[in-house]
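Reader: Hello! I am new to reading protein structures, and I would love a close look at one part of this one. Could you walk me through it slowly?

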Amino acid sequence: MAAGERALGAAGAVAFGIAVIAAATAAVEGLLRIGLLNRYIVPLPSEVLASFPRIVVEENILAPFVVTCKECLYAMLLVAVFGILTGTLLHRFVALRAATETWVAALASAPIALMYPLFLVLFGRSATTVVAMGLIAGLPPAILKTVEGLGGTRRVLINVGRSFNLTAGQMFAKILLPAALPNIFVGLRLGLIFCLINIVGVEFMINFGGLGHVINELAERYDLPGTYAAIGFVILVSILFLILTERIERCLQPGT
Amino acid sequence: MPAARDLSGVAGAPSGSGRVAAIRIAIILVVVALWEAASASGWFYRDVIPSLLTVGRALAVLAVNRDFYWHLVVSLMEVGQALAIGGGLGIAIGLALGGSRFLSRAFERYLYYLGPTPKIIFFPVMIMWFGVGPASKVALGALSCFFPIALSVAAGMRQIDPVLIRVGRSFHASPMQMAAKIHLPAMREPILNGVRLGFGVAIIGTLLAETKLSNAGIGYLIMQAYAVFDMPRMYAMLIVLFALAIAANELVGRYAGVHAVSGS
């Protein structure tokens, strides 16, 4: 493997990965065509590929795609605002942090997604339920990582700020926040993952709104190639949001 | 261990730990008062926010209900199997990716992109592959926990101190000895961290699948309570489930020596 690594390099490795996936897909296609795999259980990969334009035209999937993106965006904006604010508050008041940080960590490990029937009762079968579920799931990592980032600011930077007689607001904006940004973005990315899982999950479970709803509909109609293609769109949403957070992070920290 | 560090820091101040306890009690009292006020206000549909006494009563009823324990065991078995299958595969793939830069470059990006995808959307596929019984729930749980465990193990493998590996080689350790004496002890934290994250998503995946299509398990019971609008019972089951998940997570976290949400 080591010789292979040296010979092929980074681009070769990427090409190798693509080739293996293409070969595996071709193998599944072949096994399905000769009848070794059941076409009623696994659709032909070629049919799945052909379904992408079909579900765009027939299912008008771009509309639910936008709905899911919007719900994710709203939930993430709320996560960013409330997560960073709460994290800053907990950083500022040490006793409050000591009293509640373990509770927030516990909330991060709780299966919040299972609360969706409760949210259905509270907010009805609406986008509010979906966004609220995303918000609650995304908050704990954003809060914890903000606290961790602000608390990890190097003492020398704080001393520099003090030597310039910075006000509390200036100290936060010029010293603490920039130093904590890498950690905050880790929290936001983790929050995004939890957010997305809950948003699409709830859409799927309550058969409402964006891509989760479409997947449920297609599955109930036994349109397997369409179901697989719609799953591809969900993967696309998660990739888009991951790239978006990375871009924002790079814009805010040009040196990274 | 930020929480522990902070607690000790506060405890250093006069009556610091007492102050923390007072804040905790105050927060609990405020939440209880707000809850009871909301319950009595009539702003919500009847029973949407039941009084805590009613929820407590439902918890007591649940505690002596044999059926509940049977459903709990069903869910725990499914989650356990999911963790064993998904975790085992995750550790194996993580070791392979972490041990080879070539394989990591070739395949890790796909795990990275598929990891945040909500796994519940694969449930229709799992039903087609494994049927409507427990196997499809186990499969969804395994799929859910595979990604965080694989990515965590791969990252942990790459972070092993090269000095430790050189020490092992200088003692002419065999591959088995290297794995047992160097790699696995050095990776205890990332592996347990991955298992901890994986455990959480395995519970979510398995129980969400139960709420969608099942006739056994806690997810099924939650949907039953929702269907007959038995809100106190639903709250009671959510409380039990959250307590179990948090306790199990804390247990693994203590063993791993970690206490905060880990970054990716």
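What follows is a look at the salt bridges, and then at a place where two helices meet.

Author: Happy to help! Please keep in mind that this is a predicted model. Counting over all chains, there are seven salt bridges, and a few of them make a good starting point.

Begin with helix 6 of chain A, which spans residues 127-151. Lys145(A) and Glu148(A) both sit in this helix, three residues apart, about one turn of the helix. Their side chains form a salt bridge, with the closest N and O atoms 3.2 Å apart. Are the two partners buried or exposed? Lys145(A) has a relative accessible area of 5%, so it counts as buried, since the cut-off for that word is under 20%. Glu148(A), at 32%, is partly exposed.

Next, find Glu47(A) and Arg39(A), which are also joined by a salt bridge; here the closest N and O atoms are 3.9 Å apart. That still counts because the cut-off is within 4 Å. Glu47(A) is partly exposed, with 34% relative accessibility, and Arg39(A) is partly exposed as well, at 42%.

Now look for a salt bridge that links distant parts of the chain. Arg221(A) and Glu59(A) meet in a salt bridge with an N to O distance of 3.0 Å. The two residues are 162 residues apart: Arg221(A) lies in the loop between helix 9 (211-220) and helix 10 (224-252) of chain A, and Glu59(A) lies in the loop between helix 2 (45-57) and helix 3 (62-92). Arg221(A) is partly exposed, at 46% relative accessibility. There is also a network of salt bridges, which links Arg54(A), Glu58(A) and Asp223(A).

Helix 10 of chain A takes us to the other chain. Its axis and the axis of helix 6 of chain B (residues 123-130) come within 10 Å and cross at roughly 135°. The two helices are therefore oblique to each other. Which residues meet there? From helix 10 of chain A come Leu224(A), Thr227(A), Tyr228(A) and Ile231(A). They meet Pro124(B), Val125(B), Met128(B) and Trp129(B) of helix 6 of chain B. By class, this contact has seven nonpolar residues, one polar residue and no charged ones.

Methods. Residues numbered from 1 in each chain as written. Chains lettered and ligands numbered in written order. Predicted model: local features only at pLDDT ≥ 70, side-chain atom pairs only at ≥ 80, totals over all residues. Heavy atoms only, no water. Buried < 20%, exposed > 50% of the residue type's maximum accessible area, 1.4 Å probe, protein only. Helix = DSSP H or I, 4+ residues; strand = E, 2+ residues; numbered from the N terminus. Axes fitted to C-alpha atoms, helices over the stretch in contact; angles between N-to-C directions. Parallel < 35°, antiparallel > 145°, perpendicular 65-115°, else oblique. Contact = heavy atoms within 4.5 Å. Nonpolar A, V, L, I, M, F, W, Y, C, P; charged D, E, K, R; others polar.
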